[in-house]
Protein chains: 4
Amino acid sequence: MLIVMKPQASEDDVRRVCEKIVSMGYRAHPMPGAQRTAVGITGNRGPLEPEEFESLPGVAEAIRVSKPYKLVSREIKEEDSLIHIGPPDGGVTIGGRELAIIAGPCAVENREQARAAAARVRQAGARLFRGGAFKPRTSPYSFQGLGEEGLEILAEIRREFGLMIVTETIDPENCDLVEKYADALQVGARNMQNFSLLKRVGRSKLPVLLKRGMSATLDEFLMAAEYILAEGNYNVILCERGVRTFADHSRNTLDLSVIPAVKRLSHLPIIVDPSHGTGKRDNVIPLARAAVAVGADGLIVEVHTDPDHAISDGYQSLFPEQFETLVEQITAIAGVLGRTVASG
Amino acid sequence: MLIVMKPQASEDDVRRVCEKIVSMGYRAHPMPGAQRTAVGITGNRGPLEPEEFESLPGVAEAIRVSKPYKLVSREIKEEDSLIHIGPPDGGVTIGGRELAIIAGPCAVENREQARAAAARVRQAGARLFRGGAFKPRTSPYSFQGLGEEGLEILAEIRREFGLMIVTETIDPENCDLVEKYADALQVGARNMQNFSLLKRVGRSKLPVLLKRGMSATLDEFLMAAEYILAEGNYNVILCERGVRTFADHSRNTLDLSVIPAVKRLSHLPIIVDPSHGTGKRDNVIPLARAAVAVGADGLIVEVHTDPDHAISDGYQSLFPEQFETLVEQITAIAGVLGRTVASG
Amino acid sequence: MLIVMKPQASEDDVRRVCEKIVSMGYRAHPMPGAQRTAVGITGNRGPLEPEEFESLPGVAEAIRVSKPYKLVSREIKEEDSLIHIGPPDGGVTIGGRELAIIAGPCAVENREQARAAAARVRQAGARLFRGGAFKPRTSPYSFQGLGEEGLEILAEIRREFGLMIVTETIDPENCDLVEKYADALQVGARNMQNFSLLKRVGRSKLPVLLKRGMSATLDEFLMAAEYILAEGNYNVILCERGVRTFADHSRNTLDLSVIPAVKRLSHLPIIVDPSHGTGKRDNVIPLARAAVAVGADGLIVEVHTDPDHAISDGYQSLFPEQFETLVEQITAIAGVLGRTVASG
Amino acid sequence: MLIVMKPQASEDDVRRVCEKIVSMGYRAHPMPGAQRTAVGITGNRGPLEPEEFESLPGVAEAIRVSKPYKLVSREIKEEDSLIHIGPPDGGVTIGGRELAIIAGPCAVENREQARAAAARVRQAGARLFRGGAFKPRTSPYSFQGLGEEGLEILAEIRREFGLMIVTETIDPENCDLVEKYADALQVGARNMQNFSLLKRVGRSKLPVLLKRGMSATLDEFLMAAEYILAEGNYNVILCERGVRTFADHSRNTLDLSVIPAVKRLSHLPIIVDPSHGTGKRDNVIPLARAAVAVGADGLIVEVHTDPDHAISDGYQSLFPEQFETLVEQITAIAGVLGRTVASG
C-alpha cells in the first residue's frame with residue numbers, strides 16, 4: 001500500500017498516518033517529494049483497504065501495490081496447472097495442449113432428452129457432459145430441475161456413454177448429494193461469491209468449475225478461486241461466461257480479454273461459455289471460435305436435440321448438427337495455435 | 001409476449017410461430033400490419049423468454065409485455081406494506097410515515113466495541129441495531145465474523161438497550177442459528193440470487209432485509225423478493241446499496257432513482273444503505289440526506305466509536321457525532337416531506 | 001507515477017526501468033523492499049500513462065499518484081468559484097449560498113411555445129431559461145432545432161421576461177452564432193470530449209455549462225473542464241446528468257455521489273439535470289429533491305406547457321404546476337442546508 | 001410501437017391513448033385481452049419515444065417494435081456492402097472475402113518515425129496505413145498531433161510505399177483539410193455522436209471509418225452510421241474498439257459479440273481495433289486472432305518501431321516483429337473461415 005499525501009498536508013498529518021500504520025502492526029516508510037510526501041507500508045500479510053487511510057486528514061489517496069490473492073497466483077506456481085476430471089486411468093485433463101469441450105443440455109429434463117443429447121455430443125467427440133439437476137432460476141415459478149432424479153440420469157449417462165459429468169451444486173448441503181454423482185462440481189455465476197458454498201467445494205475431492213460472476217472484477221474472480229484453494233482443493237477450472245454491461249444486443253457481454261489476463265496472473269486453466277456468454281444460438285459458434293483463438297483452454301456449450309421444446313435456455317442451445325460444425329471449426333482454429341481438441 | 005416478424009417473413013414463418021405457441025399450450029394472435037406481422041401470445045402463466053422465439057425463422061424480435069413478478073406487485077396489492085420488526089407490543093414499523101434508521105458497526109468485533117456503538121446510536125435515537133456476526137468477505141484471509149459469540153453479544157444488546165437486532169445470515173443452515181437471536185434477517189448483496197437462502201428465509205417467521213445485488217436489474221431485485229414471498233414470508237424490506245458501474249470515484253454507484261421506481265411497481269418498503277453505497281465516510285451524510293429526500297423509507301448506516309481501528313469497513317463508518325448530525329439533518333428533511341424519524 | 005516491480009524481477013529489469021524514466025527526462029527513485037522493488041518517478045509535468053511502463057520486463061504495475069488536472073483543482077484554488085451569468089449589474093451567480101434553477105423546454109419549437117414556458121417558469125421564480133435551438137439527436141430524422149430563428153426567440157424571451165438564456169452550442173463554427181444570443185453556452189453530454197468545441201468555448205467570454213459524458217469518469221469530466229480553463233475561460237459550471245449503466249428502469253443512472261466528489265477535488269460549481277438524469281417525468285421531482293439534499297449548486301429542468309405535444313423529450317418535461325411544486329419542495333430542502341433558491 | 005395498458009386501466013384511459021396517437025397523425029389499434037389491453041401504433045415514419053406514452057394515465061409500458069435506422073439496414077439492402085478505399089484501379093476493398101489490415105503508429109510524430117513504421121507494415125503485407133495528424137486527447141497538455149505537417153508526411157508515405165492512408169478528422173472545418181490528403185476519414189470513438197462531424201463526412205467523397213463510442217448501444221452505433229448515409233455517403237466501415245464497463249483488467253472491454261450482431265442487422269462491413277480495445281500490447285495478438293475468428297472484416301492495429309519512445313499509446317503498440325506474427329496467425333485463422341488477408 002502506498003499513501004499519497006496532499007500537497008498541503010502538514011507534518012502532523014504525515015506523522016498521524018505513520019502512527020496509524022504502526023498501530024496496525026506494519027512498518028511505515030515516509031518518502032518526502034518536491035510537491036508532496038508519500039508513505040509506503042510494508043509488513044502486512046493480507047490485503048489492506050485503501051479507504052482505511054483515505055479518510056485521514058491530509059491523505060490524497062491510498063493505492064494498492066500488491067495483489068490480494070496468493071495460492072492462485074503465478075508468483076506462487078509458475079507453470080500451468082493441469083486439472084484432471086474423471087478416473088485416473090481415464091478422464092480428461094484441462095489446461096494442457098488439448099482443449100476440453102463440455103457439452104449437453106442446460107437442464108436434465110428427462111431420461112430420453114438427456115440420453116439423446118449425450119449420444120449426439122459423444123458422437124461429435126465430446127468427453128465431458130453438462131446438464132443441470134438443480135437449476136438456479138431468476139423466477140421462483142420457473143423449472144428448478146429434477147433434483148436427485150436428474151443426478152441418477154447423469155450417472156446412467158456416464159455408464160452408458162463414458163462421458164464425464166459436470167453439474168451444478170447450489171448450496172453446501174446440496175453439495176453432499178451432488179458429490180456422489182458428479183465428476184466435477186460447477187459453481188454458477190450467481191454463486192461466485194457464495195462463500196459458504198466456495199468453502200464447501202473447497203473441501204471436496206472433486207474438481208470445481210467456477211463461473212465468473214456477472215459483475216466480478218478479475219481480482220474478485222481470482223479471490224473466489226482462492227477461497228476454494230485455501231480449503232485444500234487445488235483443482236479449480238475458471239470459466240468466463242459474460243459480464244453485465246449497458247450493451248443490449250446480447251444477453252451478456254463476453255469478455256474475452258479476461259483470458260490472456262488470467263493466464264498472466266494465475267496458473268489455473270480457464271474455459272469459456274459462449275452459450276450464456278451471448279444468450280443467442282446464432283452467436284454461439286462465432287464466439288466459440290473467438291474463445292479458442294484468444295487462448296481459452298476449452299468450452300462449455302449447451303446442446304439440445306430439440307431446442308424449441310427445451311424447458312430452459314432452448315434459444316441459446318445448439319442443434320446437434322451445429323455442435324458438430326462447432327467442433328470442426330474450433331479443431332481447425334486450435335490447430336493454428338498448436339493445440340488439439342480432446343475427443344474420444 | 002409479442003412476436004414481431006421481419007418485413008420479409010413468409011406466411012409459413014408466421015404459421016410456424018403460431019404452431020410453436022400452441023404447442024407450448026398458449027394461444028396465438030396473429031396481427032397482420034402494412035409492413036410486417038406481429039403475433040401476440042396469451043394464456044401463459046409464468047414468464048416467457050424472448051430468446052425462445054427469436055431464433056425461429058422470420059422472427060425479428062420477441063418482446064415481453066407483462067412483468068414476471070406477482071406477489072410483490074402493486075397490481076396484487078395496491079396499498080403500501082408495513083413491515084413490523086420486533087415484538088408486537090414494541091418494535092418498529094417500516095414503510096409508513098416514520099423513517100426507520102438501522103445503525104451500528106459493520107461487524108461485531110467484541111462485546112465492548114458493540115456495546116459502545118449501541119449506546120451511542122441508541123442515544124442518537126436509533127431503534128434498530130446492525131452488526132454482522134457472519135461476514136461474507138471477498139478474501140478468505142479477512143475476518144469472517146465472531147459467529148455465534150457475536151449473536152450472543154447482539155442478544156445482550158437487545159436486552160440492555162432495547163434495540164431491535166438486524167443481522168446477516170449467509171446460508172440456509174446458518175439461518176437456523178441466526179433466527180434464534182435476530183429480530184430481522186439480512187440477506188447481503190452477494191447473496192441476492194442465492195436461491196437456497198431466499199427460500200429458507202421465506203420460511204422464516206422473521207422479517208427479511210433484502211439487499212440489491214451489485215448488478216441486479218429492478219426486475220431481478222423484485223424477483224428475488226418474490227422468492228421470499230412465494231414461500232409465505234410477506235415481510236420483506238428492500239435495500240438499495242449501490243450498483244457496479246465504470247465510475248471509480250466511489251466504491252459503488254448509489255442508484256437513488258430505483259426508489260421511486262420500486263414505489264411505483266411494488267408495495268414493499270425500500271431503504272438505502274449510504275455506507276456501502278458510497279464506500280467513503282465523507283459521502284455518507286450527503287447521500288443519506290439525498291436518500292431521504294428521494295423518498296426512501298429508512299436508512300441502514302455503519303457507525304463505529306473507533307472507526308480507525310475497526311476490523312472491517314472502518315473507512316466508511318461514521319463517528320458517533322457524525323451519526324448524530326446525520327439524524328438531525330435527515331429529521332429536518334423528512335419534515336419537508338411530511339415524515340418523521342422513528343426514535344426512542 | 002510509481003512503478004511496482006514483480007518479486008522475481010532482476011536488477012537488470014530495475015535498471016532498464018530507471019533508464020527509460022531518465023531517457024524521458026524525469027528522475028527515477030528506486031526503493032528496494034523485502035519482497036519487491038518499487039521505482040518512483042518525479043519531474044514529469046503532464047500525466048504519464050501507466051501502460052507506458054507496464055510492458056517493460058519485470059514490471060508488475062505502474063500506478064498514477066497525482067491527478068492529471070491542475071486549473072480545475074482545489075490544490076490550485078481552495079475557495080469555491082462563483083460563476084456569474086448575465087449582466088454584471090444583474091444576472092445570477094452560481095456556486096454560492098443561492099441555488100440556481102435553469103428551466104424551460106427541451107427545444108425551442110416556436111415563439112408561442114417558448115414564451116408560454118418562459119412565462120410560467122419566470123412566475124415560479126426561475127431566473128435562467130433553457131431551450132435548445134440546435135439539438136443533437138440520435139436519429140438524423142428527428143427534429144434538429146430551429147437554428148438561428150430559435151436563438152432570436154430566446155433573445156426576445158430575455159428582453160420580455162428578464163430571463164438569462166442558457167443554450168447549447170454544437171460545434172466550433174456554430175459557437176460564433178450562439179455566442180451572439182446566449183448568456184451561457186451549454187456543451188452537451190455527447191460533446192464532453194469534443195475537444196475542438198471545448199477549445200472554442202474556452203476562448204469565449206461567456207460562462208460554459210459542461211455536461212458530464214454518458215460514460216465519463218470523474219477524471220475525464222474534470223479534464224474536459226480543464227480544456228476550457230486552459231484556454232482562458234474560468235467560468236465553467238459542471239453538470240451531472242446521469243451515466244450509462246446496465247440498469248434499465250431509468251434512461252440513465254443519476255450519479256449523485258459525484259457531487260461531493262467534485263466538491264472535494266475542484267472549486268467549480270456543479271448542478272444536476274434530473275430530467276435527462278432519469279428520463280421520466282415522475283422521477284424528476286424526487287431526484288431534484290435528492291440533488292439539492294446532496295449539495296448540488298442548482299438544477300437544470302425541462303418544463304413544457306404542453307408536454308404531450310412537445311417535439312422532443314416531452315415525456316420527461318414537467319408540467320408548469322409540477323415545476324412550481326418542485327421549486328417549493330427544493331426551497332424547503334435548501335433551507336435545511338442553510339441555502340436559498342435564487343428567484344426573481 | 002405497442003402500448004401496454006395496466007390491468008386496472010379504464011376505458012377512458014384507453015381512449016385517451018388512442019386519441020393521442022391519432023392527434024400525432026398515426027393510427028391506433030386497440031387489442032383487448034383477458035387481463036389487459038394493448039394498443040398498436042402504425043403509420044409513423046420515424047422512431048417514437050416510449051416515454052412519450054408511458055406518462056399517460058393507465059399506461060404500463062410502451063414498447064418499440066421497429067428499428068429506427070433504415071439506410072444501414074439489411075431490410076433495405078440484403079447483400080454485404082463492399083467499400084473501396086483508394087484509386088479505382090488499385091486500393092483495397094473491405095467487406096468481401098479478403099480481410100483488410102490497417103496498421104501504423106497511433107500518431108505521426110515525425111517523418112522518420114512514420115516512414116520506419118510504414119516500411120515495416122508494408123513489408124509485412126499491410127496495404128492500409130494509419131497514423132493521426134490530429135489527436136483527440138483526454139488532457140489538454142498531451143501531444144495534439146503535428147497537424148497539416150503530419151498530413152503531408154502521410155501523403156509522402158502513400159507515394160513512397162503505395163499504402164492507402166486512413167487518418168482521423170476531428171471537426172467539420174478540419175475535415176476540409178484532412179480530405180485533401182487522406183484515402184479514408186476516421187471518426188473517433190469520442191466523436192461518434194458529434195453530429196456536425198457526421199454530417200460533414202457524410203458529404204465527403206471519401207469512405208469513412210466510424211468507431212463505436214465508448215458506451216454506444218448497437219442501435220446508437222448504427223444510427224451514427226445512418227447520419228453519414230443519410231447525407232449521401234454510403235461508404236461507411238464500422239469499427240468495434242471496446243466499450244466501457246466495470247472491468248478493470250483492460251482499458252476497455254472488447255465486445256466481439258457485436259460483430260455477428262451487426263452482420264445480422266446491417267450490410268456495412270465491420271472491423272476491430274484490438275489496440276484500443278485492450279490497451280495492452282500483450283493482449284493485441286490474442287484479441288486480433290479472436291476478432292478474425294468471430295468474423296470481422298479486418299483489423300486496425302497500432303505498430304511502432306520504437307514503442308518505448310512513442311509519444312502516445314506506445315504501451316499498446318506492437319513491435320514490427322509482433323505485427324508480422326499477428327499477420328501470420330490471422331492469415332491462418334482466416335483460412336479456416338475461407339477468407340484471405342489482403343496483402344501487397
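What follows is a short exchange about two chain interfaces in a predicted model.

Modeller: Residues are numbered from 1 along each chain as its sequence is written, and chains are lettered from A in the order in which they are written. The model is predicted, with local features needing pLDDT of at least 70, side-chain atom pairs counting only at pLDDT 80 or more and totals for chains, interfaces and linings using all residues, while side-chain values use heavy atoms and leave out hydrogens and water.

Colleague: What makes chain B and chain A related as by a two-fold rotation axis?

Modeller: Two copies of a chain are related by a rotation about an axis and a shift along it. Here chain B is laid on chain A by a turn of 180 degrees and a shift of 0.0 Å along the axis, with an RMSD of 0.0 Å. The two copies are thus related as by a two-fold rotation axis. The fit is by least squares on the C-alpha atoms of residues with pLDDT of at least 70 in both copies. In chain B, Ser215(B) has the C-alpha nearest the axis, 3.1 Å from it. Both copies use the same surface, as 100% of the contact residues of chain B recur in chain A.

Colleague: How many residues does the contact take from chain B and from chain A?

Modeller: The contact (heavy atoms within 4.5 Å) takes 47 residues from each of chain B and chain A. About 4000 Å² is buried between the two chains, 48% of it on carbon and sulfur atoms. Buried area is the accessible area, with a 1.4 Å probe, that two parts lose on being put together, summed over both.

Colleague: Why is the pair Lys280(A) and Glu54(B) called a salt bridge?

Modeller: The term requires a side-chain nitrogen of Lys or Arg within 4 Å of a carboxyl oxygen of Asp or Glu. The side chains of Lys280(A) and Glu54(B) meet at 3.7 Å, N to O, so the pair passes the rule. Between chain B and chain A the count is 4 salt bridges.

Colleague: Why is Gln193(A) called buried?

Modeller: Buried means under 20% relative accessible area (1.4 Å probe, protein chains only). Gln193(A) has 10% relative accessibility, so this residue counts as buried. Gln193(A) lies in the loop between β10 (184-187) and α6 (195-202) of chain A. Not counting residues up to four places away in sequence, Gln193(A) touches Glu220(A), Thr138(B) and Arg190(B).

Colleague: What makes the pair Gln193(A) and Arg190(B) a polar contact?

Modeller: The rule asks for a pair of N or O atoms within 3.5 Å; within protein, one must be able to donate a hydrogen and the other to accept it, and residues adjacent in sequence count only if both atoms are side-chain atoms. The side chains of Gln193(A) and Arg190(B) are joined at 2.7 Å, so the distance satisfies the cut-off. Between chain B and chain A, 21 residue pairs are in polar contact, both at pLDDT 80 or more.

Colleague: How do you know that chain D and chain B meet through the same surface?

Modeller: Of the interface residues of chain D, 100% are also interface residues in chain B, so the copies meet through the same surface. A rotation of 180 degrees with 0.0 Å of shift along its axis superposes chain D on chain B, at an RMSD of 0.0 Å. Phe246(D) comes closest to that axis among the residues of chain D, at 2.1 Å (C-alpha).

Colleague: What is the count of salt bridges between chain D and chain B?

Modeller: The count is 0 salt bridges, and the rule finds 0 residue pairs in polar contact across this interface. Contact involves 16 residues of chain D and 16 residues of chain B. About 1400 Å² is buried between chain D and chain B, of which carbon and sulfur atoms give 61%.

Technical notes. Helices (H or I, at least four residues) and strands (E, at least two) are DSSP runs, numbered from the N terminus. Buried means under 20% relative accessible area, exposed over 50%, partly exposed in between (1.4 Å probe, protein chains only).
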